[in-house]
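Work through these exercises with the structure open. Each task is followed by a stepwise solution.

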Amino acid sequence: MRESVIKELCNPHSPQLYFHLKVMHEVLTFWRLEFGEVARQQFGKDVTKSVLIGSRECRLATANLILTLARKHHVKKQYNDLDGSITTYDYNGLTDYRDILNTSIDRFTQIGAIAGERVKTGQVDLSLQSAYGITGATPKNMYEAACQYYEVDWSPDQNSWIASAWNNNFTFDTDMGGFSDENNLCIDQHGFKTIIQTEAAEFLQPEQVFLNSLVTTIAYSEDGATVTLADGTNLTADYVLCTFSLGVLQYGDVAFEPALPSWKMEAIQSMVMVCLLKADIFENSLSSGYIYQDIPAVRKEFWFDTEMAIYADKERGRYPIWQSLDHVNFFLGSGLVFVTVFGDFSLRIEGMKDSDAQKEVMEVLQAMYPNTTIPAPVAFHFKRWHADPLFRGSYSNCPPSFVPSHSENLRASVDKRLWFAGEATSLKYFGFLRGAYFEGLNAGEEIAKYVESPACVGRQHLNSMPDASPYPFVSIKP
């Protein structure tokens, strides 16, 4: 018999540590950092505040288990008014187009409702951008484009119209089983990882954990599995639960022996990893919210006094979403602000030197405040999520070609012994921490049953994905 413990190959910052409470023995659960939700960065010179780089909002609802854990472990959070507390700019400075933003918010809601009708009538899926065209809502100018970006590009604009609608509804729409339409920003100086660390401390023993241990190879068969670490250590178990980031699986950072079957590889590649980048800026000239004090004799207003800001540029996606943490609701007087970009633009920035990226960001900030001389920041930081071999992106998303059967195949076990879980395997909550929570918990409970019973059938899969409406020809000839 193999030793009767759960071994976790993990990093203490990962959101997956508490997912496997019900697995009793002979199970090897391994994982890397799941997605960019909980990393923490000490920021600025002589600054006591920490920035949760990559941390989005903790959704507010009585039935939200993540929020329940946050409350249980006294993690500080603050309501974030994303749509109501906002200032708008273009490359000429302050420009009020909040009416366009309000229209954009309404259009996004309408497009989600139409997606629901398409599901009821059995219509095919399209991209979310196509939905805007079909409904006559294609942006006609840079202001409409910037506002659409603010609503849409938290996930790729070429994502599934239908999947984006149900993902949004199951999270925000209480009439559809969602939690709440409110957002909380984690502002706890111990970091969001407090939830994981304190929850794990209630049941996990040090000898059950391998910290800072990279998995290089996983060999599996119908009899069990062997996991090889970078230092040459071999770990064996009857079952293995893999909760790597989808991006890690797509990138091939871990070798599987034998190679994963074609149906599993197709499922892995059926989704996409969102690449989100937040550039954090610390300005020591910012104090008391928005008073520029580098020149004591002259008090100049500087920086927006709202929580959020949108910047419209001729180039769509050029540093459009800004947030001030130097705000009465967050860290007043901290001088902390950050800008968020997505997709191809974030990949481009990841390939730049920090100094070059900082120059671009400051150019946009200067355009937003054309009559103010803005000094260089004390500190400038951004996390390269896509380049990091523990992440390979920020979180998963469904493209227009995605079908629900791909999700089933992504969840399916291989040879009964190799199991998969994570936010990407959640059909309802992909991209969210709660998706990872539920998927890890469900997989752990299923494996626990098989540990106690010899009749393991695993999770089933489809060997191929049929086209619901195949092309009327097999070959293309003149």
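**Exercise 1. Cysteines**

How many disulfides does the count come to?

Solution. Keep in mind that this is a predicted model.
- Step 1. Take the cut-off: two cysteine sulfur atoms must lie within 2.5 Å.
- Step 2. Apply this rule, and the count comes to 0 disulfides.
- Step 3. Now check two cysteines for burial, where the limit is under 20% relative accessible area. Cys 242 has 1% relative accessibility, so Cys 242 counts as buried. Cys 398 has a relative accessible area of 2%, so Cys 398 is buried too.

**Exercise 2. The whole chain**

Describe the chain by its secondary structure, burial and contacts.

Solution.
- Step 1. The secondary structure comes to 12 helices and 26 strands.
- Step 2. The chain has 478 residues, and 57% of them count as buried.
- Step 3. Take the contacts with a separation of 6 or more. Residues 24 or more positions apart account for 71% of these.

**Exercise 3. Two packed helices**

Are helices α2 and α5 roughly parallel or roughly perpendicular to each other?

Solution.
- Step 1. Find α2 at residues 98-120 and α5 at residues 161-172.
- Step 2. Read off the geometry: the angle is about 110°, and the axes are 9 Å apart.
- Step 3. Angles of 65 to 115 degrees count as roughly perpendicular. Therefore α2 and α5 are roughly perpendicular to each other.
- Step 4. List the contact. From α2 come Phe 108, Ile 111, Gly 112, Ile 114, Ala 115, Arg 118 and Val 119. From α5 come Trp 161, Ile 162, Ala 165 and Asn 168.
- Step 5. Sort by class: the contact of α2 with α5 has 8 nonpolar, 2 polar and 1 charged residues.

**Exercise 4. A covered helix**

How many of the residues of helix α4 are buried?

Solution.
- Step 1. Helix α4 spans residues 142-152.
- Step 2. Of its 11 residues, 9 are buried, and the helix is mostly covered. Among the buried ones are Met 142, Cys 147, Tyr 150 and Glu 151.
- Step 3. Look for the packing partners. The buried residues of α4 pack against elements including α2, α3 (128-134) and β23 (336-342).

**Exercise 5. Nonpolar cores**

Which residues touch the most other members of the largest nonpolar core?

Solution.
- Step 1. This core has 45 residues, and Tyr 319, Trp 322 and Ile 349 touch the most other members.
- Step 2. Helix α10 (residues 354-368) gives the core its largest share, 7 residues.
- Step 3. Follow Ile 349. Beyond four places away in sequence, Ile 349 touches Leu 277, Tyr 319, Val 341, Ala 357 and Phe 382.
- Step 4. Find the second, separate core of 43 residues, which includes Leu 128, Tyr 132, Val 240 and Ala 412.

Note on methods. Residues are numbered from 1 along each chain as its sequence is written. This is a predicted model: local features need pLDDT of at least 70, side-chain atom pairs count only at pLDDT 80 or more; totals for chains, interfaces and linings use all residues. Side-chain values use heavy atoms; hydrogens and water are left out. Axes are lines fitted to C-alpha atoms, for helices over the stretch in contact, and angles run from 0 to 180 degrees between N-to-C directions. Helices (H or I, at least four residues) and strands (E, at least two) are DSSP runs, numbered from the N terminus. Angles under 35 degrees count as roughly parallel, over 145 as roughly antiparallel, 65 to 115 as roughly perpendicular and the rest as oblique. Contact means heavy atoms within 4.5 Å. Ala, Val, Leu, Ile, Met, Phe, Trp, Tyr, Cys and Pro count as nonpolar, Asp, Glu, Lys and Arg as charged, and the others, Gly among them, as polar. Buried means under 20% relative accessible area, exposed over 50%, partly exposed in between (1.4 Å probe, protein chains only). A nonpolar core is a set of buried Ala, Val, Leu, Ile, Met, Phe, Trp, Tyr and Cys residues joined through side-chain atoms within 4.5 Å.
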